[in-house]
Amino acid sequence: MLGSRLKRLAERLQGGAERIATDCGLPTQPSQMPLLTALYRQGPMTVGNAVQALGISQPAVTRILSRLVDMDLVATTRDDRDQRSKTISLSARGREVMEQAATMLWPRLQAAVDEVCDAPALLRLVEATERALAERPLEQRPFGGLAIRHFTDALGDDFYRINAEWIENMYRLEQTDIDILKAPKERILEPGGDILFVEDPKLGIIGTCALLKTGERQFEVTKMGVLDKARGKKAGEFLLRAIIARAQALGCDRLYLLSNTKSAAAVHLYEKLGFVHDAGIMTEFGNRYERCNVAMLYARSTGPCRTK
């Protein structure tokens, strides 16, 4: 959605700029102006220099250059010492066009853009986004490429193993735990809940969390665990955000969880994402587990899940 909106915005800006350029009597297209401007301000350069200056691919520069040569706005010469190297520069007509642009087009465009937005701030944000994507593409995000997976029969063992690990490391498996972990389809999925997993591209499945339906439009966040080897990847936060979104998609009106003060990091994460301590939840559900001494209710005002 963001990409589509940015594309529409670019099209509207370019369309407006093209109409203003036409009104100023210029023969150029908006896509040609960056190369012409670079040559006008920096002087002759090679195609490689132009690629670096504009931040676009060599094929794109070559296409623009070919059209500008046909329009007699740019001239090309070969280096006597290296015939493979091509130098490009403004022709006499090209310099006339750019002087006309500097006098008539640029001031008008600058004033028009200033009415619309803070262009320098917008460009800084765009540049920061470009740098971030160059460093790590979108498909390798968030947190190194974590992905959410739905429950399948093949992941049943992972659901048991991950939860048994963290529970036994800190507490002990209670009968309630065993009943759910051994029969997730019957206890969670068939009554209307769901189970999600978080997968790391290198480590595989590293965490899981479930939504247990406990009433009409009411769910408990339960059996959330992340493997020790995945600590520091923010997998727990990523997974919890996904489970909250899933609860909202299921039409949840009341979302709660049960925990223990010993799980301090988990409790802090719950608080960060919008859960608040609730005595009513403790009274109503706290006796499900011997280890439970924390009960929390999702209290963010946005989205379907809310307090009652």
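How many helices and strands are there in the protein? The predicted model, numbered from 1 along each chain as its sequence is written, admits local features at pLDDT of at least 70 and side-chain atom pairs at pLDDT 80 or more, whereas totals for chains, interfaces and linings use all residues. Side-chain values rest on heavy atoms, with hydrogens and water left out. The protein contains 12 helices and 10 strands, taken as DSSP runs (H or I of at least four residues for helices, E of at least two for strands) and numbered from the N terminus.

The C-alpha trace spans about 85 × 45 × 30 Å along its principal axes. The radius of gyration is 30 Å, against a value near 19 Å for a compact globule of 308 residues; this quantity is taken over C-alpha atoms, and the globule rule is 2.2 Å times the number of residues to the power 0.38. Buried residues account for 40% of the 308 residues, buried meaning under 20% relative accessible area with a 1.4 Å probe, protein chains only.

The largest nonpolar core comprises 30 residues, of which Val221, Leu240, Ile243, Ile244, Leu255 and Phe275 touch the most other members. Such a core is a set of buried Ala, Val, Leu, Ile, Met, Phe, Trp, Tyr and Cys residues joined through side-chain atoms within 4.5 Å. Elements supplying at least two residues each include β6 (204-215), β7 (218-226) and α10 (235-249), and the largest share, 8 residues, comes from α10. Beyond residues up to four places away in sequence, Ile244 touches Leu255, Leu273, Phe275 and Tyr298, a contact being heavy atoms within 4.5 Å.

Technical notes: Buried < 20%, exposed > 50% of the residue type's maximum accessible area, 1.4 Å probe, protein only.
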